[in-house]
Amino acid sequence: MKRTRFNTKAKSGNEGIPVKDTSKDETGMESKDNKYHLEVQAKNLLNEKLNNSLAMLQTQSEVIDTAKSSSTSSSEDVKASDKSGESKLNLKSLKDRNKRVNEELKPNTRPAKNKPRAVVDLEMMKEELKQLEDPPLSTWEKEICSNRLPFSFFDSPCEDLAQNLLGKVLVRYLENGTILKGRIVETEGYLGVVDKASHTYQNKITPRNIPMYMPPGTIYVYMTYGMYHCFNISSQGKGCAVLIRAVEPLEGIESMASQRTSKGASVPKKPMKNLKTHELCNGPSKLCMAFQLHKKHSKYSMCSWKGLWIENSNTDEKIKIVKCPRIGIDGYGVEWSNKPLRYYIYGNKAVSKRNKKVESSLGLN
């Protein structure tokens, strides 16, 4: 009876337990395997990245160690030298010494304040100091400039040349055959490297002022305030030149007033209104406009260029020269602002500005 009851209980218990599905177990195992493989691959990638980063850190640490070892060795050497009684050194001085060696290779082109500028060797600038050549070739060109003043006239001190130019005739020969003439009535002298108002003060050399270092008689036209041209002629002396301030029109200038051009342009500007004949060239800018002189004419010689020259006047009129301070240089100190380096013909209407104070002191009024 006991055995039969046990068997019946076992059977009833087995009937309550669910039977496992083998097909479901196989698919579940495969999904678990795939997840495991993906996890393994991800871990492998992380390990590779970590290894690479560790390698980079090791190389960096090696570089740092070598730098530290070199610095410690140098510091040890310095300490050793200090102990041995030699002159004391430190790492900072060694670094500064290396910097000085590297800086010696770079030229110092910017001089310090209150110190004279570096002297430039003009012999090394021979190519820049060559005059432009455009001499008269045809018989007509040679004939019209046959009265040209020679090199010996310009080869004189700046102050003498500025006064000798007064009363002389400035002649301009244009490409279209037009000839312009005017009598020089006002000049200014600039004494080169010693003159604070000169472009060559303290032996300053720039691409613009090179004509001032060229032989006497070289043309120097520069632009001021970005719009006005000024016409100069080099003289004897280092960096010296004479500024032509005013010209009395003689021939062709009045008819050319309506055909003035700017900066060498072919399109004429508007004519200057309400200007009398003696006002056409009474100033550096008006002179350059009337005679059509521009920066491109710099470096030509008054002794050889067919486009511009100076000749003697036909009249033997005696002139009175007024010596007075130059105009517009008050900011260069009392010495140079009061120095009498401006010269003009007394009583001429074409003079840009009379100095009545000086005229009265000379008894000319």
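## Nonpolar cores

A nonpolar core is a set of buried Ala, Val, Leu, Ile, Met, Phe, Trp, Tyr and Cys residues joined through side-chain atoms within 4.5 Å. In this predicted model, the largest such core holds 47 residues. The members that touch the most other members are Leu165, Leu170, Phe231, Ile244, Phe291, Met302 and Ile310. Strand S5, residues 241-251, gives this core its largest share, 4 residues. Apart from this core there is a second, separate one of 9 residues, with Tyr190, Tyr222, Cys230 and Ala241 among them.

Leu170 can be followed through its contacts, leaving aside residues up to four places away in sequence. Its partners include Phe231, Phe291, Met302 and Ile310, and these four are also listed with Leu170 among the core members that touch the most others. Leu170 further touches Leu180, Lys181, Gly182 and Ile184, as well as Val247, Leu287, Leu308 and Trp309.

## Overall composition

The protein chain has 365 residues, of which buried residues make up 34%. Its secondary structure consists of 9 helices and 8 strands. Among contacts with a separation of 6 or more, 65% are between residues 24 or more positions apart. The chain exposes about 24,200 Å², and carbon and sulfur atoms supply 53% of that area.

## Salt bridge between Lys306 and Glu141

The chain has 11 salt bridges. One of them joins Lys306 to Glu141, with the closest N and O atoms 3.5 Å apart. The pair links distant parts of the chain, 165 residues apart. Lys306 is in the loop between helix H7 (284-290) and strand S6 (308-311), while Glu141 is in helix H4, which spans residues 139-144.

The two partners fall into separate accessibility classes. Glu141 has a relative accessible area of 12% and is therefore buried, the limit for that class being under 20%. Lys306, at 23% relative accessibility, counts as partly exposed. Besides Lys306, Glu141 touches Pro136 and Tyr173, not counting residues up to four places away in sequence.

## Salt bridges of strand S2

Arg183 forms a salt bridge with Glu248, and the closest N and O atoms are 3.7 Å apart. Because Glu248 lies in strand S5 and Arg183 in strand S2 (residues 179-190), the pair ties together parts that are 65 residues apart in sequence. Glu248 counts as partly exposed at 24% relative accessibility, whereas Arg183 is buried at 11%.

Strand S2 also holds Glu186. The side chain of Glu186 meets that of Arg342 in a salt bridge, at 2.8 Å from N to O. Arg342 is in strand S8, residues 342-345, and this pair also links distant parts of the chain, 156 residues apart. Both Glu186 and Arg342 are buried. The two residues belong to a network of salt bridges that also includes Glu188 and Arg245.

## Cysteines

A disulfide is a covalent bond between the sulfur atoms of two cysteines. The count of disulfides in this model is 0, where the cut-off for a pair of cysteine sulfur atoms is within 2.5 Å. For Cys240, the nearest cysteine sulfur is that of Cys158, 5.2 Å away, so the cut-off of 2.5 Å is not met and Cys240 is in no disulfide. Cys281 is in no disulfide either; its nearest cysteine sulfur, belonging to Cys288, is 9.8 Å away.

Cys240 and Cys281 are both buried. The relative accessibility of Cys240 is 8%, and that of Cys281 is 0%.

## Nonpolar surface patch

Tyr225, Met227 and Tyr228 make a nonpolar patch of about 410 Å² on the surface. Tyr225 is found in the loop between strand S3 (219-224) and strand S4 (228-234). Tyr225 counts as exposed because its relative accessibility is 74%, and the exposed class begins over 50%.

Methods:
Residues numbered from 1 in each chain as written. Predicted model: local features only at pLDDT ≥ 70, side-chain atom pairs only at ≥ 80, totals over all residues. Heavy atoms only, no water. Patch = residues over 30% accessible without salt bridge, like charges linked within 9 Å, V, L, I, M, F, W, Y side chains within 5 Å. Areas by Shrake-Rupley, 256 points an atom, 1.4 Å probe, with all protein chains shown as cover. Salt bridge = Lys/Arg side-chain N within 4 Å of Asp/Glu carboxyl O. Helix = DSSP H or I, 4+ residues; strand = E, 2+ residues; numbered from the N terminus. Buried < 20%, exposed > 50% of the residue type's maximum accessible area, 1.4 Å probe, protein only. Contact = heavy atoms within 4.5 Å.
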